Amino acid sequence: MSAGSAIDLPTWRHRHLLDVDRLTWPELETLMAVADRFATATADPATKLDVLRGVNVTILFYEASTRTRVSFEIAAKKLGADVVSVTATGSSVTKGESLIDTVRTLEATGTRMLVMRHATSGAPYLVPAIFGGNVINGGDGWHAHPTQALLDLYTLREALPAPVGSEAGSKAGPGAEAAWSLRGRKVAIVGDLLHSRVARSNLWTLTAAGADVWACGPSTLLRGFEAWAATGAGGRHFTATSDVDAAIRDADAVMTLRIQKERMAGGLLPSLREYAATYGITRERLRGAKPDVLVMHPGPMNEGVEIAPDVAEGPGSLITSQVHNGIAIRMAVLALLDAAGPVA
């Protein structure tokens, strides 16, 4: 941890955050607890900490982004880091420079922490072998989006208390605060799962929290998820279905995913209109869920396609909270990785 920090951080064993599949439930709890502390410490927008004072953080994005890129910039600056943002279109990548050469150049200029987004699945996994600092995956291809999954879990923790009579609640003694989990809660993920790095990472965190997870979409957009659900690979058990009413029935939360129109080749969908009619999340469709169902979306949204505008802006919507909570979670990730140091 950088000198001068006013916040003591717990021990952290991971040098990088490439996905959430290696994080244990206690580690997820630790990360959220640290996010709580940063959220409190920076409640005043003018407040800045010196946790990462003297640390150079470079945000290297090969794909367009608003929420992830901006929240990482804000998070790093709130921690006192020196921040540089690099986009592929504004760098030597347009002249043919390779990812490896770009990373080596950035390290030579003093980068200690690298937040990276790339269109190719697995690209961030190449970087630790040639980079001496910390690597954070800001989203790679269809594979993973770890900080999105973390902020989604954190948002649900904020919105859903431990159910009365749950295993989590029953372990707490008189006067003690119940441990939180999603046991007894149903979470439906509906939409373009095939192309969704968000869904893949969320399946790891939500099942680790004990949720009853249902992954739902047209059969053409469920490829790979049905086999994963059937085998319980990695010890993660969930339900994959094309029956949207079954997925939403009695759900505590519904996470809808963007239809990635830019990747819809080969007739994966008959039309966006047909998708909206069959799978779009509307108030009428949500009547089958719990009365106080929560609605989430990682953004950006195609309103009127995967989600109706009045649902996105309705009383159960957590979409704005997701964006806000992304800052505290990303502060926690940056601080904990820095605390882990340059050695794995």
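How many cavities of 30 Å³ or more does the structure hold? The structure holds one, and the tour begins there. Before selecting anything, note that this is a predicted model, in which local features need pLDDT of at least 70 and side-chain atom pairs count only at pLDDT 80 or more, while totals for chains, interfaces and linings use all residues. Residues are numbered from 1 along each chain as its sequence is written, and side-chain values use heavy atoms, with hydrogens and water left out.

**First stop: the cavity**

Select Trp-12, Leu-17, Leu-31, Val-333, Leu-336 and Leu-337, which line the largest cavity. A cavity is a set of points, on a 1 Å grid over the protein atoms alone, where a 1.4 Å probe fits but cannot get out, and lining residues have an atom within 4 Å of a point. The space in the largest cavity is about 30 Å³, a volume being the space filled by probe spheres set on the points, with grid points joined across faces, edges and corners. Helix H12 (residues 319-340) gives the largest share of this lining, three residues; helices (H or I, at least four residues) and strands (E, at least two) are DSSP runs, numbered from the N terminus. The lining divides into six nonpolar residues, no polar and no charged, where Ala, Val, Leu, Ile, Met, Phe, Trp, Tyr, Cys and Pro count as nonpolar, Asp, Glu, Lys and Arg as charged, and the others, Gly among them, as polar.

**Second stop: the largest pocket**

Next select Arg-117, Arg-197, Arg-258, Gly-299 and Pro-300, which lie nearest the centre of the largest pocket among the 23 residues that line it. A pocket, in contrast to a cavity, is an open set of grid points with protein on both sides within 12 Å along at least five of seven lines. About 500 Å³ of space lies in this pocket, and H2 and H6 are the elements that give two or more residues to its lining. By class, the lining of the largest pocket holds five nonpolar, ten polar and eight charged residues.

**Third stop: salt bridges**

Keep Arg-197 selected and add Glu-63, since the side chains of these two residues meet in a salt bridge of 3.0 Å, N to O. A salt bridge is a side-chain nitrogen of Lys or Arg within 4 Å of a carboxyl oxygen of Asp or Glu, and by this rule the count comes to eight. Arg-197 lies in helix H6 and Glu-63 in the loop between strand E1 (56-61) and helix H2 (67-78), so the pair ties together parts that are 134 residues apart in sequence. Arg-197 is buried, at a relative accessible area of 13%; buried means under 20%, exposed over 50% and partly exposed in between, with a 1.4 Å probe and protein chains only.

Move to Arg-185 and Asp-252, which form a salt bridge with their closest N and O atoms 3.1 Å apart. Arg-185 is in the loop between helix H5 (167-170) and strand E5 (186-190), and Asp-252 is in the loop between helix H8 (244-248) and strand E8 (253-256), so this pair ties together parts that are 67 residues apart in sequence. Arg-185 counts as buried at 13% relative accessibility, and Asp-252 is buried at 5%. Adding Lys-290 to the selection shows a network of salt bridges that links Arg-185, Asp-252 and Lys-290.

**Fourth stop: aromatic rings**

Select Trp-204, Phe-225, Trp-228 and Phe-238, which form one aromatic cluster. Rings of Phe, Tyr and Trp (its six-membered ring) pair if their centres lie within 6.5 Å, and planes under 30 degrees apart count as stacked, over 60 as edge-to-face and the rest as tilted. The structure holds five aromatic pairs. One of them is the tilted pair of Trp-204 and Trp-228, at 5.7 Å centre to centre and 50° between the planes; it links Trp-204 in helix H6 (residues 197-208) to Trp-228 in helix H7 (residues 225-231), 24 residues apart. Both Trp-204 and Trp-228 are buried. Phe-225 and Trp-228 also form a tilted pair, at 6.2 Å and 35°, and these two residues are separated by about one helical turn because they are three residues apart in helix H7. Phe-225, too, is buried.

**Last stop: His-143**

Finally, select His-143, in the loop between strand E4 (134-140) and helix H4 (146-159). His-143 is partly exposed, with a relative accessible area of 28%, and its C-alpha atom is separated by 8.0 Å from that of Ser-201, 58 residues apart along the chain.
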